[in-house]
Amino acid sequence: MLVTWKYRPRKTFIQSLDPRTRLIFFFAVILGLTIPEIWDYRIIFPLFALSLTLYFLARIEWKDVKRVWPYIFVLLFFIVGLNGLLSGRGGPSSVTNLPSPVVFTVPFKIPFTDIGWDVPITISKMWFAITQMLRMLTMAILAIPIPYTMDPNIYGTAFRQLGASDKFSFTMDLAFRFLPTFARDFSITMDAQRARGYEMEKLKGGITSRLRRLAPLIIPVVMQSTVTGEEVVDAMDLRAFGATQRTWVKADLRYGPRDYFMLGLAATIFIGCCVLKWGFGIGEYFVPEFFLNLFS
Amino acid sequence: MNNSSAWEFGTRQVVYGAIGAALYGVLSWVTNIFPLPAAGNVTFRPAVAVLIFFGVAYGPWVGLLAGFIGNTLGDALSGWGFYWNWSLGNGLMGLVAGLVMSQIKDFRAQGDIIKAVIYGLVGIAVGMLFASLTEMFVGGIDINTALVGYFVPAFIGNAIVTVVLLPILMIAFAAVASRRGR
């Protein structure tokens with residue numbers, strides 16, 4: 001059985017936009033930040049403010065997203081932030097290559113011995129961790145509202161109208177539809193295995209044995225999906241999928257004035273990021289003066 | 001067990017490409033919280049075994065779609081953004097693994113499992129090498145960082161996952177397929 005995202009029609013600015021506009025805007029911001037490799041907080045912060053504004057304009061109820069945000073914050077602060085702080089990796093090489101004052105060191109040593117090493121935490125790594133978190137949050141808060149505010153019937157149509165082939169559009173459509181189903185299946189499987197005494201938190205042993213013990217979670221979901229797939233293939237074949245050109249739901253999508261405004265903004269963001277970086281050299285990673293002064 | 005041509009692109013490939021992508025996206029999202037040591041934004045993904053399995057079971061197109069779309073979905077859900085070179089690298093992983101499809105006769109046979117694992121490892125090498133080397137142009141890193149900081153940990157992590165989980169997936173699939181008579 002397919003389950004859907006918690007989509008609900010709302011009278012909001014976001015939902016009045018053409019789905020193509022929303023996808024183009026989403027990719028324009030992501031590509032604007034990633035293709036010219038923007039790490040300058042003066043560009044990232046305004047984009048973050050814009051993403052946050054759009055998120056609030058979507059008016060998604062807290063009860064719908066209250067399980068998503070804790071996960072994002074754990075990922076953001078404890079994984080991405082900590083990884084950036086300790087290693088300085090995942091971004092431009094200038095984070096670790098340029099000399100920067102060491103604020104403190106974190107000892108990674110075997111207890112009661114001197115075996116191990118001290119990891120220096122520099123001002124550059126600290127600022128990088130903040131920038132990295134802000135950059136990721138900018139992209140994440142653009143993605144979060146999509147499943148809650150975009151009609152699941154319209155995913156395939158949007159890709160088709162953007163020029164993708166029938167088969168590719170249908171693959172994208174199905175992939176989006178299956179996502180919440182498999183997320184639900186995974187959650188049910190985890191609960192069922194826990195009820196049988198499986199303790200995910202107590203995975204012990206080396207990497208190999210830990211991976212083997214993940215099998216009771218992964219195998220049932222994957223095998224069930226292959227069975228579901230056969231049923232979907234049969235249903236589609238019975239409807240002669242691929243024999244003729246497909247008719248799409250709401251195939252008469254039209255851009256309105258709001259869409260042209262957002263598309264203009266998307267183009268400005270993407271082209272602006274590229275021109276600033278490649279034309280004027282603005283957008284590189286650097287530690288701002290005010291942050292350096294905090295430690296002087 | 002597999003009679004269809006490896007390069008056929010019909011209903012089955014569309015459906016399993018989508019299912020593989022959704023599964024890879026969900027499982028990547030769940031496991032994105034295990035970053036590999038010294039590997040920047042490269043994460044330890046048990047889901048890679050699922051991607052390789054879909055390539056092996058349903059062919060190169062399914063592997064390519066599942067890897068490319070699944071990685072894009074997983075990264076978008078986690079807030080990593082869109083890194084075309086890593087998504088394409090993941091797609092290549094699935095595609096190369098999928099080249100073994102027509103040679104697999106019995107998913108339970110030791111020889112076929114070894115063949116699938118070898119193709120999976122070659123796929124991982126090709127996909128991760130592509131992604132790591134293109135990171136030199138995309139991220140401005142040097143070749144040492146590309147190979148030591150990205151390729152090696154990504155390859156080792158994905159290889160371990162594949163060697164351990166792919167045989168289990170194949171044996172479980174053989175049982176399911178024989179029950180359904182397909």
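Helix α6(B) supplies the largest share of a nonpolar patch, giving three residues to it. That patch sits on the surface and is formed by B:Leu129, B:Leu133, B:Ile143, B:Leu147 and B:Val148. Keep in mind that this is a predicted model. Beyond the patch, here's a quick tour of chain B as a whole, the salt bridges, a patch of positive charge, and a couple of backbone oddities.

**The nonpolar patch on chain B**

- Together, the five residues B:Leu129, B:Leu133, B:Ile143, B:Leu147 and B:Val148 have about 380 Å² of accessible area.
- Two elements of chain B give two or more residues each to this patch: α5, covering 110-138, and α6, covering 143-180.
- B:Leu133 is a handy one to look up, and you'll find it in helix α5 of chain B.
- With a relative accessible area of 30%, B:Leu133 is partly exposed.

**Chain B as a whole**

- Looking for strands in chain B won't get you anywhere: its secondary structure comes to six helices and zero strands.
- Read from the N terminus on, the elements go α-α-α-α-α-α.
- Chain B has 182 residues, and 64% of them count as buried.
- Take the contacts in chain B with a separation of 6 or more: residues 24 or more positions apart account for 75% of them.
- About 5,900 Å² of chain B is exposed, and carbon and sulfur atoms supply 71% of that area.

**A buried aspartate in chain B**

- B:Asp75 belongs to helix α3 of chain B, which takes in residues 60-78.
- Its relative accessibility is 7%, so B:Asp75 counts as buried.
- B:Asp75 and B:Trp86 are eleven residues apart in sequence, and their C-alpha atoms are 9.9 Å apart in space.

**Salt bridges, with a network in chain A**

- Over all chains, the count comes to eleven salt bridges.
- Four residues of chain A are linked in a network of these bridges: A:Arg8, A:Arg10, A:Glu61 and A:Asp64.
- Within that group, A:Glu61 and A:Arg10 meet through their side chains at 3.0 Å, N to O. A:Glu61 lies in the loop between α2 (41-57) and α3 (62-65) of chain A while A:Arg10 lies in the segment before α1, so this pair ties together parts that are 51 residues apart in sequence.
- The two partners differ in how covered they are: A:Glu61 counts as partly exposed at 30% relative accessibility, whereas A:Arg10 counts as buried at 13%.
- A:Arg10 also has a salt bridge with A:Asp64, at 3.6 Å from N to O. Here too distant parts of the chain are linked, with A:Arg10 in the segment before α1 and A:Asp64 in helix α3 of chain A, 54 residues apart.
- A:Asp64 is buried, its relative accessible area being 7%.
- Another salt bridge in chain A joins A:Asp18 to A:Arg20, with the closest N and O atoms 2.8 Å apart.
- Both ends of that bridge are tucked away: A:Asp18 is buried at a relative accessible area of 4%, and A:Arg20 counts as buried at 7% relative accessibility.

**A patch of positive charge on chain A**

- On the surface of chain A, A:Lys6, A:Lys63, A:Lys66 and A:Arg67 gather in a patch of positive charge.
- A:Lys6 comes from the segment before α1, the helix that covers 19-34 in chain A.
- How accessible is A:Lys6? At 45% relative accessibility, A:Lys6 counts as partly exposed.

**Two positive phi angles in chain A**

- A:Arg59 isn't a glycine, yet it has a positive phi of about 50 degrees.
- You'll find A:Arg59 in the loop between α2 and α3 of chain A. Its relative accessibility is 53%, so A:Arg59 counts as exposed.
- A:Ala240 isn't a glycine either, and its phi is positive at about 55 degrees.
- A:Ala240 is in the loop between α10 (207-238) and α11 (257-280) of chain A. At 41% relative accessibility, A:Ala240 counts as partly exposed.

Methods:
Residues numbered from 1 in each chain as written. Chains lettered and ligands numbered in written order. Predicted model: local features only at pLDDT ≥ 70, side-chain atom pairs only at ≥ 80, totals over all residues. Heavy atoms only, no water. Patch = residues over 30% accessible without salt bridge, like charges linked within 9 Å, V, L, I, M, F, W, Y side chains within 5 Å. Areas by Shrake-Rupley, 256 points an atom, 1.4 Å probe, with all protein chains shown as cover. Lys, Arg positive; Asp, Glu negative; His and termini not counted. Charge placed at Lys NZ, Arg CZ, Asp CG, Glu CD. Helix = DSSP H or I, 4+ residues; strand = E, 2+ residues; numbered from the N terminus. Buried < 20%, exposed > 50% of the residue type's maximum accessible area, 1.4 Å probe, protein only. Contact = heavy atoms within 4.5 Å.
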